[in-house]
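Student: I have a new model on my screen and would like to talk it through with you. Could we go step by step?
Tutor: Happily! Let us look at it together.

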Amino acid sequence: GGGLSITTQPSDQSACTGSNVSFSVVASGTGLVYQWKKDGTNLTNGGSISGATSATLNINNLSAADLGAYTVEVSNSCTAPVTSA
């Protein structure tokens, strides 16, 4: 089971360079794993990026290089079925 669904999609953000911007997603399910992507490429924390693998992505001191299409992939790790003795 583990029905995984995104209940609130990230909304489009527009911001001026030098400002801070954040994208949030709300998903339901257990053991959720988040991976934010920019133009299809996985983002990693560091520099201006934080929260690349959390429900909220933060970009600080926005630069022109940060412009692009941001998406988030939500998955969950299913555990093996447990059978009682």
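Student: To start with, what percentage of the 85 residues of the protein count as buried?
Tutor: Keep in mind that this is a predicted model. A residue counts as buried here when its relative accessible area is under 20%. Of the 85 residues, the share that meets this is 25%.

Student: How many helices and strands does the secondary structure come to?
Tutor: Reading along the sequence, you meet the pattern β-β-β-β-β-β-β-β. The tally is therefore zero helices and eight strands.

Student: What share of the contacts with a separation of 6 or more comes from residues 24 or more positions apart?
Tutor: Contacts here are heavy atoms within 4.5 Å. Among those in the protein with a separation of 6 or more, residues 24 or more positions apart account for 54%.

Student: Now the sheets. In the open sheet that holds E2, E6 and E7, what is the order of the strands?
Tutor: Let us build it from the pairs. Four bridges join E2 (residues 21-24) to E7 (residues 56-59), running antiparallel. Two bridges join E6 (residues 49-50) to E7, again antiparallel. E2 and E6 each have a single partner strand, so they stand at the edges, and the order is E2-E7-E6.

Student: Which residue in E7 is the bridge partner of phenylalanine 23?
Tutor: Follow the register between E2 and E7. Valine 21 stands opposite isoleucine 59, and serine 24 stands opposite threonine 56. For phenylalanine 23, the bridge partner in E7 is leucine 57.

Student: Which residues make up the covered face of E7?
Tutor: In a regular strand the side chains alternate between the two faces of the sheet. Strand E2 has Val21 and Phe23 on its covered face, with Ser22 and Ser24 on the uncovered one. In E7, Thr56 and Asn58 form the uncovered face, and the covered face is Leu57 and Ile59.

Student: On the E6 side, which residue in E7 is the bridge partner of isoleucine 49, and which glycine in the hairpin takes a positive phi?
Tutor: Isoleucine 49 has isoleucine 59 as its bridge partner in E7. The hairpin of E6 and E7 has five residues between the strands, and the one with a positive phi near 80 degrees is glycine 51.

Student: Which strands are the edge strands of the other open sheet, E5-E4-E8?
Tutor: This sheet has three strands with antiparallel pairing. E4 (residues 32-38) and E5 pair over two bridges, and lysine 37 stands opposite asparagine 42 in E5. The strands that pair on one side only are E5 (41-42) and E8 (70-76).

Student: Is glutamine 35 buried or exposed?
Tutor: Glutamine 35 lies in strand E4. Beyond its neighbours within four places in sequence, glutamine 35 is in contact with Asn42, Leu43, Ala52, Thr53, Thr71, Val72 and Glu73. Its relative accessible area is 16%, and the cut-off is under 20%, so glutamine 35 is buried.

Student: Which residue has its backbone oxygen 2.9 Å from a polar atom of the side chain of glutamine 35?
Tutor: Start from the contacts of glutamine 35, which include Asn42 and Leu43. The backbone oxygen at 2.9 Å from a polar atom of that side chain belongs to leucine 43.

Student: What is the relative accessibility of valine 25?
Tutor: Valine 25 sits in the loop between E2 and E3 (26-28). Leaving out residues up to four places away in sequence, valine 25 touches Ile6, Thr8, Pro10, Tyr34, Trp36, Ala55 and Val72. Valine 25 counts as buried, and its relative accessibility is 4%.

Student: How far apart are the C-alpha atoms of valine 25 and leucine 57?
Tutor: Along the chain, these two are 32 residues apart. In space, their C-alpha atoms are separated by 8.8 Å.

Student: Lastly, what is the volume of the largest pocket?
Tutor: Its lining has 13 residues, with Asp12, Gln13, Phe23, Gly68 and Tyr70 nearest the centre. The lining divides into seven nonpolar, four polar and two charged residues. The volume of the largest pocket is about 240 Å³.

How values were computed: Residues numbered from 1 in each chain as written. Predicted model: local features only at pLDDT ≥ 70, side-chain atom pairs only at ≥ 80, totals over all residues. Heavy atoms only, no water. Buried < 20%, exposed > 50% of the residue type's maximum accessible area, 1.4 Å probe, protein only. Pairing = 2+ DSSP bridges. Polar contact = N/O pair within 3.5 Å; in protein donor to acceptor, adjacent residues only side chain to side chain. 1 Å grid on protein atoms, 1.4 Å probe; cavity = no way out; pocket = protein on both sides within 12 Å on 5 of 7 lines; lining within 4 Å. Points joined across faces, edges and corners; volume = space filled by probe spheres on them. Nonpolar A, V, L, I, M, F, W, Y, C, P; charged D, E, K, R; others polar.
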